[in-house]
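I opened my notebook beside the viewer today. Here is what I looked up, entry by entry.

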Amino acid sequence: DNPQEDQTKMTPFKINLKDERYRDDFSPLVEGCGCYHCRNHKRACLRHLLVTNELGVLKKAGNLHGPASP
């Protein structure tokens with residue numbers, strides 16, 4: 001499987017990660033996506049970073065490993 005190839009097949013979606021139901025949701029952000037963030041971060045983790053205004057930490061970490069995917 002080629003992760004970059006998977007990214008070109010993605011369809012737009014909306015998800016409100018600040019919603020309480022994602023607090024204990026340890027599934028990938030987008031099922032089947034091969035990008036770095038979907039492979040390495042779970043919805044609960046991303047929700048925590050959003051509600052604590054720490055999402056910048058993730059952006060900086062992504063920049064250290066290469067360009068972040070949208």
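**Entry 1: a cysteine to begin with.** I picked Cys38 and listed what it touches. Leaving out residues up to four places away in sequence, I found Pro28, Leu29, Val30 and Cys33. I noted that this is a predicted model.

**Entry 2: the core.** Which residues make up the largest nonpolar core? I wrote down eight: Leu17, Tyr22, Leu29, Val30, Cys33, Cys35, Cys38 and Leu46. So Cys38 belongs to the core because membership takes buried residues of certain types, joined through side-chain atoms within 4.5 Å. Leu29, Val30 and Cys33 are among the residues Cys38 touches, and the core list includes these three.

**Entry 3: the overall plan.** I stepped back to the whole protein. How many helices and strands does the protein have? I counted four helices and zero strands. Read from the N terminus, the order is α-α-α-α.

**Entry 4: inside and outside.** I checked burial next. Of the 70 residues in the protein, 29% are buried. The accessible surface is about 5300 Å². Carbon and sulfur atoms hold 52% of that surface.

**Entry 5: contacts along the chain.** I looked at contacts with a separation of 6 or more. Residues 24 or more positions apart account for 39% of them.

**Entry 6: Asp25.** I moved on to a charged residue. Asp25 sits in the loop between α1 (3-8) and α2 (36-40). Is Asp25 buried or exposed? Its relative accessibility is 18%, so it counts as buried, the cut-off being under 20%. I then searched for side-chain partners. Asp25 makes a polar contact of 2.5 Å with the side chain of Ser27. The side chain of Arg43 joins Asp25 in a polar contact of 3.4 Å. Setting aside neighbours within four places in sequence, I listed Lys42, Arg43 and Ala44 as the contacts of Asp25.

**Entry 7: Ser27.** I followed the polar contact to its other end. Ser27 is also found in the loop between α1 and α2. Its relative accessible area is 18%. That is under 20%, so Ser27 is buried. Which residues does Ser27 contact, leaving aside its neighbours within four places in sequence? I found Lys42 and Arg43. Both names also appear on my list for Asp25.

**Entry 8: one distance.** Last, I compared positions in the chain and in space. Ser27 and His41 are 14 residues apart along the chain. Their C-alpha atoms are separated by 8.6 Å.

Terms used:
Residues numbered from 1 in each chain as written. Predicted model: local features only at pLDDT ≥ 70, side-chain atom pairs only at ≥ 80, totals over all residues. Heavy atoms only, no water. Helix = DSSP H or I, 4+ residues; strand = E, 2+ residues; numbered from the N terminus. Buried < 20%, exposed > 50% of the residue type's maximum accessible area, 1.4 Å probe, protein only. Contact = heavy atoms within 4.5 Å. Areas by Shrake-Rupley, 256 points an atom, 1.4 Å probe, with all protein chains shown as cover. Polar contact = N/O pair within 3.5 Å; in protein donor to acceptor, adjacent residues only side chain to side chain.
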